Amino acid sequence: MIIRSASYICSSTSLQQCPKSEKPEFGFIGRSNVGKSSLINLLTGYSRLAKISGNPGKTKTINHFLINGSWYLVDLPGYGFAKVPLSMRDKWIGAVEEYILNKETLACLFVLLDSRHQPQKSDLLFMEFLGRNQIPFARVFTKSDKLSSDKLEKSIHIYNKEMIKIWESLPETFVVSVVNKTGREEVLGFIEETINKLSKPA
Ligand code: GDP
């Protein structure tokens, strides 16, 4: 997919505030510092579209970007709100959950995982939550340049072994590196394919 245009539309703190449009939405979510802003910038080719956070755990909103005038890239707040008071944390989690469960145009949620880390309970539980609620999602292993190809393969294998204990099959999986600029075409190709499938129902 060629990105011809990418523009920031709005930041919302509830589903109610999100754009009401029939256009498909592709969400990006993960723990703070996983590389979400960097990936959004790599995908869109706009280096400052999503600000690269210098403050892990800071509060964030649901951010909509319109791509090629035809689909939304949605930057969702990372889980791990270390610096947010508990009461506010509940509010943000509520808004994200509300968005994920009720946004009918959400075509796929990309769950970002740091490829250097062992499977983390919060990520596994989050994906179980998506599965239970039949929310389409894909895994994106980030920062792959930080591992040798052997170690990367091993790390993903460990992840798969953990997930296959409870999943019948593994989700669609991508491996990206912002430093090496790898994985971009694969993720964008998948988005394009998903949009095409939506416009031509079987
Ligand atoms: P966010 O909090 O999930 O939005 O994460 P950021 O995009 O702000 O990235 C967190 C840190 O990881 C920053 O210092 C980035 O430069 C770094 N980072 C992100 N992606 C990559 C990557 O693919 N490779 C490497 N080596 N560093 C990355």
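How many nonpolar, polar and charged residues make up the shell around the ligand? In this predicted model, the shell has four nonpolar, six polar and five charged residues.

**View 1. Residues surrounding the ligand in the predicted model.** The ligand is surrounded by 15 residues, and the closest of these are Lys-36, Ser-37, Ser-38, Asp-145 and Val-178.

**View 2. Oxygen atoms of the ligand and the N or O atoms of Val-34, Gly-35 and Lys-143.** Backbone N or O atoms of two residues are shown with ligand oxygen atoms, that of Val-34 at 3.2 Å and that of Gly-35 at 3.0 Å. From Lys-143 it is the side chain that supplies the N or O atom, which lies 3.1 Å from an oxygen atom of the ligand. Of the 580 Å² of accessible area that the ligand has on its own, the protein covers 79%.

**View 3. Helices and strands of the protein chain.** The protein chain contains five helices and seven strands, which follow one another along the sequence in the pattern β-β-α-β-β-α-β-α-β-α-β-α. Among contacts with a separation of 6 or more in the protein chain, 75% are between residues 24 or more positions apart, and 50% of the 202 residues count as buried.

**View 4. Residues 52-58, over which pLDDT stays under 50.** For the protein chain the mean pLDDT is 89, with 86% of the residues reaching 70 or more, whereas pLDDT stays under 50 over residues 52-58. The model has 16 contacts beyond four places in sequence for residues 52-58. Predicted coordinates should not be read in detail where pLDDT is low.

Definitions and conventions: Residues numbered from 1 in each chain as written. Predicted model: local features only at pLDDT ≥ 70, side-chain atom pairs only at ≥ 80, totals over all residues. Heavy atoms only, no water. Near = heavy atom within 4 Å. Polar contact = N/O pair within 3.5 Å; in protein donor to acceptor, adjacent residues only side chain to side chain. Areas by Shrake-Rupley, 256 points an atom, 1.4 Å probe, with all protein chains shown as cover. Nonpolar A, V, L, I, M, F, W, Y, C, P; charged D, E, K, R; others polar. pLDDT = per-residue confidence, 0-100. Contact = heavy atoms within 4.5 Å. Helix = DSSP H or I, 4+ residues; strand = E, 2+ residues; numbered from the N terminus. Buried < 20%, exposed > 50% of the residue type's maximum accessible area, 1.4 Å probe, protein only.
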